[in-house]
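Here is a short briefing for a reader coming to this structure fresh. Keep the model open while reading.

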Amino acid sequence: MPRYLVRFFNDYAAFRLPDLECSAHSFSIPLSHCGKLEDDEVFYFVDYPSEEDAKKAVSRSVLIQGIYEVWGSGSSAEECIDQTGKYCTENAQHVSSILHDSSSYCITVENYGCRWTKKQKIDLMKSFNTIPWKGRVNLETPDTDFFIFQDFRNSSIPGFKKEGNEQETLVLKQVYFTRKLGEGSRHLITDYDLKKRKYIGTTSMCATLSFLSANCALANRKSLIYDPFVGTGSLIVSIAHYGAHVIGSDLDIRVVRGKNFRQKGNIESETNIQSNFDDYGLTNKAGLELLRVDLSQSHVWKPQNKSHAPKPIFDAIVCDPPYGNREGPRKIGRNKPLAEDSLARVKENYIAGTVPYDVKEMYDDLLEFAARSIVTKGRIVMWFFVNNDEYCEEILPSHRCFKLLYNSIDPLTKKYHRRLLTFEKFCDYFEPPTASNKHDLSDVAESENKRIKQE
Ligand SMILES: C[S@@+](CC[C@H](N)C(=O)[O-])C[C@H]1O[C@@H](n2cnc3c(N)ncnc32)[C@H](O)[C@@H]1O
């Protein structure tokens, strides 16, 4: 497969590779890459089957700035100029199809890790004299965009030579001469900025992380995706942007109904999840169902007709479960049982009381529900809030039917961070072993896997 250069934005380093892979996966485009990308690296080589596939795959990503065909590279400008000349000779036909008398182009010098003056940049552009330039320069609407990338690093990194006198602390790691093929969807972050949204709350997730979550779930027009902790609906907005049909539920009926809802007098809320969907034009594009459900009561999803075994219906579950003491998980319950003659038993619109819900129990319930309700090969993408001192892999939620694909960290404070965990359901649901019916889980899972592969 041909190799292309991906240029990431300089943020959310831990999400770059999951986002790269899921963006391709959601269009069923194969890709290959070395799998190693340091947090401070924004240039990365990826193999895609074709230029069209490469463009399409990155078009979905909110972390990728662009994708480029590399004409030359080197650890110095001279080496890169030389390599570019060789490329132009070896690929003369391709180059002449891009640079010809009636073509137009624009060249941009972009430095990572170092500022340069306009003059320095123009001098560098002019030095690429090994390219058979033809056509005219057009800075507004060129047929082709060329980018010269210079990747600088701090000289404390061993093994890099120093660059010039002015930039004592910087070293030039690599120079690339490239032709731009396509770009990512960074505009979504501004289009869906929470600041412009009418209905938000203290737990609404920012657009970048919502889109990363939606992408990890491979949301698309054919999928049905459920958020069982929907809150103000920030995750399902991004999921619906990709055309997926969404179902959201929450224990707290007030967040589902929205602001200023009054039961008495039938005053409907004007700002709620539905109005956000309307504002973004998502109501027609996707589809939205909202419910009040307590995750601990997930048996409500079972079919009434007991002769039919429940079938998995969701392609994915995406959620940000409750955490912390102030807004921690709760479930329906009472410290004291309701009296037999309590009016609550007969009162219409009675809203049941709640009690604290143990976090581990909640994640266990969530994964068990997911294992039963998500289709095989479907995903659960969930946020996991952790105390920095307490983190180790053993504390991550797990389930016999799921394998962990990605574990991406979002550092929050000195004390806490959260992780986006992406699991894939790799086999059909099977009951947990009991004392009387012990079997080796890995055997079951393995044989299920074989069966899926054969299918
Ligand atoms: C971190 S917030 C989710 C925020 C949401 N992503 C948003 O966009 O606003 C967690 C949500 O879980 C809900 N919740 C707490 N316990 C629950 C339970 N047992 N079942 C369902 N929802 C629950 C809370 O009411 C809260 O809205």
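The points below go from the whole chain to one helix, then to charged pairs, aromatic rings and a single residue.

This is a predicted model. The chain has 455 residues, and 47% of them count as buried. It holds 13 helices and 17 strands.

**The chain as a whole**

- Many contacts reach far along the sequence: of those between residues at least 6 apart, 71% join residues at least 24 apart.
- The accessible surface is about 24100 Å². Carbon and sulfur atoms account for 49% of that surface.

**Helix H12**

- Helix H12 covers residues 359-373, which makes 15 residues.
- Its length agrees with expectation, because 1.5 Å a residue predicts a span of 21 Å and the end C-alpha atoms are 21 Å apart.
- Asp358 caps the N-terminal end of H12. One of its side-chain oxygens lies 3.2 Å from the backbone nitrogen of Lys360.
- Lys360 also takes part in a salt bridge, with the side chain of Asp364, at 2.8 Å from N to O.
- Lys360 and Asp364 are four residues apart in H12, so about one helical turn separates them.
- In an α-helix there are 3.6 residues a turn, so residues three or four places apart point the same way.
- Lys360 is exposed, at 56% relative accessible area. Asp364 is partly exposed, at 32%.
- Other residues of H12 are buried: Met362, Tyr363, Leu366, Leu367, Phe369, Ala370, Ala371 and Ser373.
- Which strands do the buried residues of H12 pack against? They pack against E9 (224-227), E12 (314-319), E15 (374-387), E16 (402-411) and E17 (416-425).

**Salt bridges**

- The structure holds 22 salt bridges.
- One of them joins the side chains of Asp47 and Arg3, at 2.8 Å from N to O. Asp47 sits in strand E2 (residues 43-47) and Arg3 in strand E1 (residues 3-8), so this pair ties together parts 44 residues apart in sequence.
- The two partners differ in exposure: Asp47 is buried, at 10% relative accessible area, whereas Arg3 counts as exposed, at 55%.
- Arg179 and Glu69 form another salt bridge, with their closest N and O atoms 2.9 Å apart. Arg179 belongs to strand E8 (residues 167-183) and Glu69 to strand E3 (residues 64-74), so the pair connects parts 110 residues apart in sequence.
- Are Arg179 and Glu69 buried or exposed? Arg179 counts as buried, with 9% relative accessibility. Glu69 counts as buried too, with 11%.

**Aromatic rings**

- The structure holds 33 aromatic pairs.
- Phe43 and Phe149 make a tilted pair, with ring centres 5.1 Å apart and 55° between the planes. Phe43 is in strand E2 and Phe149 in strand E6 (residues 144-154), so far as sequence goes 106 residues apart.
- Both Phe43 and Phe149 are buried.
- Why is the pair of Phe45 and Tyr176 called edge-to-face? The planes of Phe45 and Tyr176 stand at 65°, with the ring centres 6.0 Å apart, so the pair counts as edge-to-face. The cut-off for that label is an angle over 60 degrees.
- Phe45 lies in strand E2 and Tyr176 in strand E8, so this pair links parts 131 residues apart in sequence.
- Phe45 is partly exposed, with a relative accessible area of 32%. Tyr176 is buried, with 8%.
- These rings belong to a cluster linked by ring pairs: Phe43, Phe45, Tyr68, Tyr112, Phe147, Phe149 and Tyr176.

**A closer look at Asp47**

- Asp47 lies in strand E2, as do Phe43 and Phe45.
- At 10% relative accessibility, Asp47 counts as buried, since the cut-off for that label is under 20%.
- What does Asp47 touch, leaving out residues up to four places away in sequence? Its contacts are Met1, Pro2, Arg3, Pro30, Leu31 and Ser32.
- Among these residues, Arg3 also shares a polar contact of 2.8 Å with Asp47, from side chain to side chain.

Methods: Residues are numbered from 1 along each chain as its sequence is written. This is a predicted model: local features need pLDDT of at least 70, side-chain atom pairs count only at pLDDT 80 or more; totals for chains, interfaces and linings use all residues. Side-chain values use heavy atoms; hydrogens and water are left out. Helices (H or I, at least four residues) and strands (E, at least two) are DSSP runs, numbered from the N terminus. Buried means under 20% relative accessible area, exposed over 50%, partly exposed in between (1.4 Å probe, protein chains only). Contact means heavy atoms within 4.5 Å. Accessible areas come from the Shrake-Rupley method with a 1.4 Å probe; for residues, only the protein chains shown count as cover. The expected span of a helix is 1.5 Å times one less than its number of residues. A polar contact is a pair of N or O atoms within 3.5 Å; within protein, one must be able to donate a hydrogen and the other to accept it, and residues adjacent in sequence count only if both atoms are side-chain atoms. A salt bridge is a side-chain nitrogen of Lys or Arg within 4 Å of a carboxyl oxygen of Asp or Glu. Rings of Phe, Tyr and Trp (its six-membered ring) pair if their centres lie within 6.5 Å; planes under 30 degrees apart count as stacked, over 60 as edge-to-face and the rest as tilted.
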